[in-house]
Amino acid sequence: MDQVFVDKMEAGMGELGISLDDGKMEQFYQYYQILTEWNQVMNLTAITEMGEVVSKHFVDSLSLVRVADKLGEGQARVIDVGTGAGFPGIPLKIVFPGLRVTLLDSLNKRIKFLDEVAGTLGLDQVVTVHGRAEDLGRNPDFREQFDYCVSRAVANTATLSEYCLPFVKKGGCFVAYKSGSVGEELEQGRKAVKILGGEVEREDHFHLASADADRTLVVVRKKEQTPKRFPRKAGVPAKEPI
């Protein structure tokens, strides 16, 4: 295993108070290798330099620990909406192996990549699903079945909430990973959050030193069941936010 990789991981994890044993460190290194190998033939990420993958993908994904301090307890169910190359779902699964993780993406070729990662890393209780959030959010096997819904997908708060809150059980949380400050966008999205059964519980603004980036985690608590009319059909939440 590359010592530079280990050093960068240890520095980044140290920011979050996370300590990795040799086995988990090896899993992250394998993940990095598979990511860069597959990225040569398909567009998974524009970020491929080792240090940036560590800071902007691995460490950033795990910043969830700042607002979810009980992730390692029990077997929480987590769905990662618009997971792409597996962020934040796979890093969370590596660090907290008890999590039951569902990775949702609309591109089937990404699902094949995620299956390869999960198989190579020996990750159990990882389900990959090819589909649209608007469709899956109406499926009783997925609707209001999760303790956490997480997403680093790029969408405004209102649209992202309609994608994600239907998956969250009452009492659970939806956490959106955002860049920089989201004050105005969040204010515009509060109406949608409430209509969908949620309440903005906190905004965690922080500077991720390893990535030299300002980040915000928006934590939405599910207070009531999402009305049956949501999510609306595929494409509508993005075109016509609540």
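**Helix crossings, a seven-stranded sheet and some backbone oddities**

Trainee: Q125 sits in the loop between α5 and β3. What is phi of Q125, roughly?

Mentor: Keep in mind that we're looking at a predicted model. Q125 isn't a glycine, but its phi is positive all the same. The value is near 55 degrees.

Trainee: The loop with Q125 runs from α5 to β3. Which β-α-β unit does α5 belong to, and what is its hand?

Mentor: Helix α5 covers residues 108-121, and the strands of the unit are β2 and β3. So as to name it in full, β2, α5 and β3 make a β-α-β unit that is right-handed.

Trainee: How do β2 and β3 pair, in the parallel or the antiparallel sense?

Mentor: β2 takes in residues 100-105, and five bridges link it to β3. One of the pairs puts V101 opposite V126, and D105 has H130 as its bridge partner. The sense of the pairing is parallel.

Trainee: Let's zoom out to the whole open sheet. What is the order of its seven strands?

Mentor: The pairing in this sheet is mixed. Reading across the open sheet, you get β3-β2-β1-β4-β5-β7-β6.

Trainee: Which strands stand at the edges?

Mentor: Look for strands with a single partner, because such a strand has one side left without a neighbour in the sheet. Two fit that description, one at residues 126-130 and one at 198-208. They are β3 and β6.

Trainee: How many degrees does the sheet twist on average from one strand to the next?

Mentor: The figure is an average, taken strand to strand. It comes to 20 degrees.

Trainee: Which helix packs on the sheet against β5, β6 and β7?

Mentor: The helix in question spans residues 183-195, and its direction makes about 150 degrees with that of β6. It touches β5 (168-179) and β7 (213-222) as well as β6. That's α8.

Trainee: Over how many bridges do β6 and β7 pair?

Mentor: These two run antiparallel, and F206 has R215 in β7 as its bridge partner. Their hairpin has four residues between the strands, with D212 taking a positive phi near 50 degrees. The bridge count for β6 and β7 is 10.

Trainee: Back to α8: how closely do the axes of α7 and α8 come?

Mentor: α7 is residues 157-164, and the two axes cross at roughly 35 degrees. T157, A158 and S161 of α7 meet E185, L186, G189, A192 and V193 of α8. By class, that contact has four nonpolar, three polar and one charged residues. The axes come within 7 Å.

Trainee: Now the N-terminal helices. α1 and α3 have axes that come within 10 Å and cross at roughly 30 degrees. What does that make α1 relative to α3?

Mentor: The cut-off for this label is an angle under 35 degrees, and the crossing is at roughly 30 degrees. That makes α1, relative to α3, roughly parallel.

Trainee: How many nonpolar residues does the contact of α1 with α3 have?

Mentor: The crossing is right-handed. V4, F5, K8, M9, G12, M13 and L16 come from α1, and M50, G51, V54, F58, V59 and L62 from α3. Two of these residues are polar and one is charged, leaving the nonpolar group at 10.

Trainee: And α2 with α3, whose axes come within 11 Å and cross at roughly 120 degrees: which label fits?

Mentor: Roughly perpendicular stops at 115 degrees and roughly antiparallel needs over 145. An angle of roughly 120 degrees falls between those. That makes α2, relative to α3, oblique.

Trainee: Which class do the residues of that contact belong to?

Mentor: α2 passes α3 in a right-handed crossing. F28, Y31, Y32 and L35 of α2 meet M50, V53, F58 and L62 of α3. There are no polar and no charged residues, and the eight in the contact are nonpolar.

Trainee: Last one: which proline follows a cis peptide bond in the loop between β7 and α9?

Mentor: Don't mix it up with P88, which lies in the loop between β1 and α4 and has a cis bond from F87 with omega near 10 degrees. The bond you want starts at F230, with omega near 0 degrees. The proline in the loop between β7 and α9 is P231.

How values were computed:
Residues numbered from 1 in each chain as written. Predicted model: local features only at pLDDT ≥ 70, side-chain atom pairs only at ≥ 80, totals over all residues. Heavy atoms only, no water. Axes fitted to C-alpha atoms, helices over the stretch in contact; angles between N-to-C directions. Parallel < 35°, antiparallel > 145°, perpendicular 65-115°, else oblique. Left-handed = near helix turned anticlockwise from the far one by under 90°. Contact = heavy atoms within 4.5 Å. Nonpolar A, V, L, I, M, F, W, Y, C, P; charged D, E, K, R; others polar. Pairing = 2+ DSSP bridges. Right-handed = clockwise from strand over helix to strand, strands pointing away.
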